[in-house]
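Work through the following exercises on aromatic rings with the structure open beside the text. Each task is followed by a solution that goes step by step.

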Amino acid sequence: MTDYTKIHPESITEKNLIEVTSESLNSFVSDVSDDFFSPVKDLIKPEPAASKKGQFGPNGALYDGWESRRHNPTYDWAIIQLGAPSAKIKIIDIDTTHFNGNEAPYASVYATFAPNEDVKQNDARWFELLPVVPLGPSQQHAFEFEWTEPITHLQLRMIPDGGIARFRAYGEPTAVWPSDLTATCDLASVFVGGRVTFTSDQHFGKGANLILPGRGHNMGDGWETKRSRQAGHKDYVIVQLGAAGYIQYAEIDTCHFKGNFPARVAVEGIYAPEGPPTEYDTQGWTQLLPSQVSVGPHAQHYFQTSQAELLVTHVRITIFPDGGLKRVRLVGSRALPASVDAKSSNSSGTKNAVVDTPTKALPILPLTSSAFVEYGHVVQSYQDKSSTPPTIQTKRVNNGTATKFCNLSPLTNSYPEGTPANMNFCVYKCDPVDTSVGFTVEMLERHKYTTQSFIPMGDGGSRYVVIVAQNGSDDKPNMETLRAFTATSNQGITYKPGVWHHPMIALEKATDFGCLVYESGENIDCEEVKLDNLHYKIIL
């Protein structure tokens, strides 16, 4: 038996612990003795228990929680398997909210450590974590321990029967890291020890939800602030990484936030092992993205950082002026990778070609309009109006049988006077490129006076890779802005005039691309540059 102290439930939030039994962390009820009246799965729902007073089902009155039959001579039990590989437990909360007259009069809790096993109720490895304690009607009962050893399963015993609304165990998931320090993972994930240490406002949804796994069920399991009424307002959270690391890219997910996503988002990092100040100050913080970025409704947005070699312990995510986010992923490594082996296949796909130029790894992210905005436009449809960016006009047309997404991409002709250019509507048949050992970027090209659009065609298409860079002050590619994206066969792209890019890279299959570009037939139509001093390698 572990020594315990009964505490006030309101003190739980002050301890900044993780609710490790929540279904939001992929925990689940693996077995139960009886849940005749109310399903046991309700025990680990993240939201507070709701009243169902006056509602009845085929078995009787409805409750938001677990309720068993009457007249059990011993006890009822439920086994919860943690979603985390294991966790240390600090607090147990047994909540009987709305159960009054049918609440369980007593309860106890057992635990065990049995990774990747389906533990049964009669397993000999169960040990008592909380002895039999009395429960009252419609209230929380919170108990604090010294830290337990890591456990994987909990068994709640309800003595002898009755109802319990919620069962919550708070603690710390055991961090599970890749063995390779240079391997990338989500450094902010709750499963590697990430924590949200400060939230400026969480009126509708908790900041701690941002680092949970998955994409949740609705807006309630994201972070959402109240509406602001002052000019220049902002809200923010501070995330402590599971370990100090180097962030390659950020994923900002607005899933379920369709009319209340932020207008802009900023991501900053700091190295502060003792913890940064919580008041909003720019001192010591470094912008990890080139600027504030725009996001859209109900979508995952991916942004490569501009400070991938900066060691940080904490990240501040600021939303302008307010709104909601579902999840934030901060993907990086605990150590910087060594330079990629210079002996790599060249951009023509020749397997045995060898280059002597130093090679640097280039992250590759899913293509989104928000990340591509400085380079061009993404041409695609959207699932429904609520998930369509508000800047895109839609119409129901063709007698109500189609949705038209208007003006997705401009087609620009800015050739100098005296050099006439005509629209060339052509097709590129691109052979698939073998990227199993990576793909080396050795050249870029641009069309200085025209946009260039590529639209994958037919059912033989595949994913493809888009590589772009902005023009530098020396009229050459600015390699600090080099970005790589994977696009689906449902996405087309348009390069802005003068944007440097690599020729199209088809992946799984030969792919036909319809191409729209203005051409004059002169040498100024297309300009190519070789990357002589440093090549870039993408790993898919």
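**Exercise 1.** Determine whether Phe 36 is buried, partly exposed or exposed in this predicted model, and then classify its pairing with Phe 37.

*Solution.* The relative accessibility of Phe 36 is 31%, and because partly exposed covers the range between under 20% and over 50%, Phe 36 counts as partly exposed. The search of the whole structure finds 14 aromatic pairs. One of them joins Phe 36 and Phe 37, whose ring centres are 5.0 Å apart and whose planes make an angle of 85°; since planes over 60 degrees apart count as edge-to-face, that is the class of this pair. Phe 37, with a relative accessible area of 26%, is partly exposed.

**Exercise 2.** Classify the pair of Phe 198 and Tyr 236, and explain which parts of the chain the pair ties together.

*Solution.* The centres lie 5.5 Å apart with 35° between the planes, and the pair is tilted. Phe 198 belongs to strand β16 (residues 195–199) and Tyr 236 to strand β18 (residues 235–253), so the pair ties together parts that are 38 residues apart in sequence. As for accessibility, Phe 198 is partly exposed at 24%, whereas Tyr 236 is buried at 8%.

**Exercise 3.** Find which charged residues lie over the rings of Tyr 110 and Trp 285.

*Solution.* Over the ring of Tyr 110 sits the charged end of Arg 157, 3.9 Å from the ring centre. For Trp 285, the residue over the face is Arg 316, at 4.4 Å from the ring centre.

Key. Residues are numbered from 1 along each chain as its sequence is written. This is a predicted model: local features need pLDDT of at least 70, side-chain atom pairs count only at pLDDT 80 or more; totals for chains, interfaces and linings use all residues. Side-chain values use heavy atoms; hydrogens and water are left out. Rings of Phe, Tyr and Trp (its six-membered ring) pair if their centres lie within 6.5 Å; planes under 30 degrees apart count as stacked, over 60 as edge-to-face and the rest as tilted. Buried means under 20% relative accessible area, exposed over 50%, partly exposed in between (1.4 Å probe, protein chains only). Helices (H or I, at least four residues) and strands (E, at least two) are DSSP runs, numbered from the N terminus. A charge sits over a ring if NZ of Lys or CZ of Arg is within 6 Å of the ring centre and within 35 degrees of the ring normal.
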